[in-house]
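Q: Please take a close look at a single part of this structure and describe, step by step, how that part is built.

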Amino acid sequence: MTLILAELAWWQQTSIRVVVGLVAVLIPAGTLVYLHLFKLVSFMQSRLGPMEAGPYGSLQLLAEVGKFIQKEDIVPRRADRFVFKAAPFVVLVSTFLLVVVLPGGPDAFFIDNDLGIYLALAVSSVSVIGILMAGWGSASKYSLMGGLRATGQLIAYELPLILAVVGVVIQAETMNMQGIVLAQADGEIFGWGGIGNPFVITQFVGFAVFMIAMQAELTQTPFDMPVAESELVTGYMTEYSGLRFLLFFIGEFATAGVFSAIAAVLFLGGWYVPGLDPADNLFNVLGPVVLMVKIVGLSFLIFWFRFTFPRFREDQLQRLAWKFLIPIALANIVVTGVLKVLV
Amino acid sequence: MTAAPPAAGEQLRYIAGQAADARVNLEIETEGMTLNIGPQHPATHGTLRIVAKLDGEQVIAAEPVMGYMHRGYEKLAEVRTYPQVTTLINRIDWLGSFANEVPFILAAEQLMEVEAPLRAQWIRTALFELSRIANVTLFLGDMAVQVGAITPVFFAFRDREHVLNQIEAATGGRFHPNFDRIGGLKDDLPAGWAAETKQALKKIRNFCDQIEELVEGNEIFQARTRGIGVIPAKVGLGYGLSGANIRASGVDWDLRRDAPCGLVHDQLDWRVWTHPDGDSFARFWVRLQETREATRMVDQLLDGLPPGPIMAKVPRIIKVPAGEAYVETENPLGIMGYYVVSKGDLAPFRVKIRSASFSNVSITPWLLKGVYVPDIITILGSLYFILGDIDR
């Protein structure tokens, strides 16, 4: 993309990037909602899911969006109006900032940042502020408890998430997302380079920790204490309706898509498929498709867990993070570091 | 979240803000929060309201507020003839409706000194146990929803359907059969019903296995339920708990075995399940075993179904002789009893309904003290009440 964009003016480049960014957030989100939330779950629960809107219910999401847009945008009387109204946008900002570091091919990326993964982990924390704003601004006890629980949980699981990434960064010797993909494409597993080195093989501990922490970051079951619909009545989202609820909804699934994409880049080789030359121009077209397939695969895991497990209690999930995941992630870093020096 | 200044001007609000800041700065002063769980709340599956006083997420005191669904059945029963009452009381525990009719009909039969023919008794018992299965199956799925797993409840709805179909095939009503009559039953079973029911029971047993693997064996489920809401046997008996709730506390007490009246449980080969722990997990576990046991019972009932009439000789217009009778049976939710006073009229003079859920919920103030907010839901779910059964 950079090659094509280089001849355009700055504003033209920027507008193209914004449009592509929107597409890159919304297409995976829509796909995940349809494939996983509507269909996969329905099959797991012995029902059909939406069947009427469009062939095989594929346009159901549009119908839902239309429904939400028509609904009244209710603001509770005692709510902190500005904070309440701004909160969903803050959550969405975090998602859109996350997507910019994702590479879709050797030349198809938004920004080529040497601190790519660092930036991603940093902006992913912005959503905490939005959730806290929603919880506090709603002037509802359920929302407040949901917001506080979410904050505690997201802060706790940020650590294992970051520590799991450190192992990858040590192995790839770069924080550049593009560099991490290339390191996996050109890498070798203890001297054998048949399929490159997708870090899911050498960093399987990191991968497991990352997936668990990611599940918690996305507040999906078993870590959905903050939204707990049978208890807190969806927590910080309780008072939201109409468009703003839709924004939270999009934020939830778009973030699931983007986090899956980050996991795919870090552990599954991103846009790369083994057996082809990573410098091939073909990957600028094929890459986004490959990435999308990997996103769907990884998010399948997320939603599989989500619809199978009961949820942890707040203290249990804190214990899991601090006493279990963080020590494992630290041990993983030590082992990776030692092996990196020795091998 | 204290009360906002009452429609105050800018100045008043400023002063209030300053005062609040000063308080926070002087010492971090915490105050309790009252959380109203219900009347409209997904975990109360109905309109129960729990007023919980919280300190952080810990419950200091909790009180159930009942009566949002009071329909006055005891009073309504007084202005209806005996056969009409069964239509009403079907709606008390709406998930196991047929079981509601049985103790009332038995009480009326006791007063009239008629006894249903043997075949009617066997079919009655079979339908009684089928309604238990229909009821408890839903609990097994619902309990998982209360702790956050949403898939099992769909399995529960799917497999309960098989039982409901059989109840419908026999009685004509899926939820409210209104099938029991003084002196017997409305109809005989349709042809081929026994074989189909056995198929349905097989599916229920599969469902039980599925739940055992999916829910009961799940580490998170166990972590959420084990040791949560422990009811010692003595306390439970003191609060009048009954059914699986008290059997989960290790009390070996089941009216089907200990005081059979009019039902033929004593002629079947089955056992009463108890669990020593008394926590939420034990209540789930006992109900799961009881569902299996009930399928076994229905199987035996279908095999041994005696031939004969299904209706005893009763007058066309039922007038119950003066007297009093109290009959209680082991219903899906616990012990349900009807105290029927007759003055020899077409309608009962007074009916007092002892429903299981009312007593089961009354333990919540004792049980919820000191637990955390998520555990309130686990405990309420595991106590398993039906709102209609609480308020009547």
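A: The part chosen here is chain B, where buried residues make up 49% of the 392 residues; a residue is buried if 20 or more other C-beta atoms, placed from the backbone, lie within 10 Å of its own, exposed if 12 or fewer do, and partly exposed in between. The model is predicted, with local features needing pLDDT of at least 70 and side-chain atom pairs counting only at pLDDT 80 or more, while totals for chains, interfaces and linings use all residues. Residues are numbered from 1 along each chain as its sequence is written, and chains are lettered from A and ligands numbered from 1 in the order in which they are written.

Taken along the principal axes, the box filled by the C-alpha atoms of chain B is roughly 85 × 50 × 35 Å. Chain B has 16 helices and eight strands (DSSP runs numbered from the N terminus, H or I over at least four residues for helices and E over at least two for strands). Of the contacts in chain B between residues at least 6 apart in sequence, 71% join residues at least 24 apart, a contact being two residues whose C-beta atoms, placed from the backbone, lie within 7 Å.

Among the strands, β2 (residues 49-55) and β3 (residues 58-65) of chain B pair in the antiparallel sense over seven bridges (strands pair if DSSP finds at least two bridges between them). Within this pairing B:L54 stands opposite B:V59 in β3(B). The two strands β2(B) and β3(B) form a hairpin with two residues between them, and B:G56 in the turn has a positive phi of about 65°.

Further along chain B there is an open sheet of three strands in the order β6-β7-β8, with antiparallel pairing. Its edge strands are β6 (323-331) and β8 (350-354) of chain B, each of which pairs on one side only, and the twist averages 10° from one strand to the next. Strand β7 (residues 334-342) of chain B pairs with β8(B) over five bridges in the antiparallel sense, and B:V341 stands opposite B:R350 in β8(B). Helix α4 (residues 97-112) of chain B lies across β6 and β7 of chain B, running at about 150° to β6(B); axes are lines fitted to C-alpha atoms, for helices over the stretch in contact, and angles run from 0 to 180 degrees between N-to-C directions.

Two helices of chain B, α12 (residues 280-303) and α15 (residues 373-383), have axes that come within 9 Å and cross at roughly 30°. Therefore α12(B) and α15(B) are roughly parallel to each other (angles under 35 degrees count as roughly parallel, over 145 as roughly antiparallel, 65 to 115 as roughly perpendicular and the rest as oblique). The crossing in which α12(B) passes α15(B) is left-handed, that is, the near helix is turned anticlockwise from the far one by less than a right angle, whereas clockwise would be right-handed. On the α12(B) side the contact is made by B:S280, B:R283 and B:F284, and on the α15(B) side by B:T378, B:I379 and B:S382. The residues of the contact of α12(B) with α15(B) divide into two nonpolar, three polar and one charged; Ala, Val, Leu, Ile, Met, Phe, Trp, Tyr, Cys and Pro count as nonpolar, Asp, Glu, Lys and Arg as charged, and the others, Gly among them, as polar.

Finally, chain B also meets chain A, in a contact that takes 27 residues from chain B and 26 residues from chain A.
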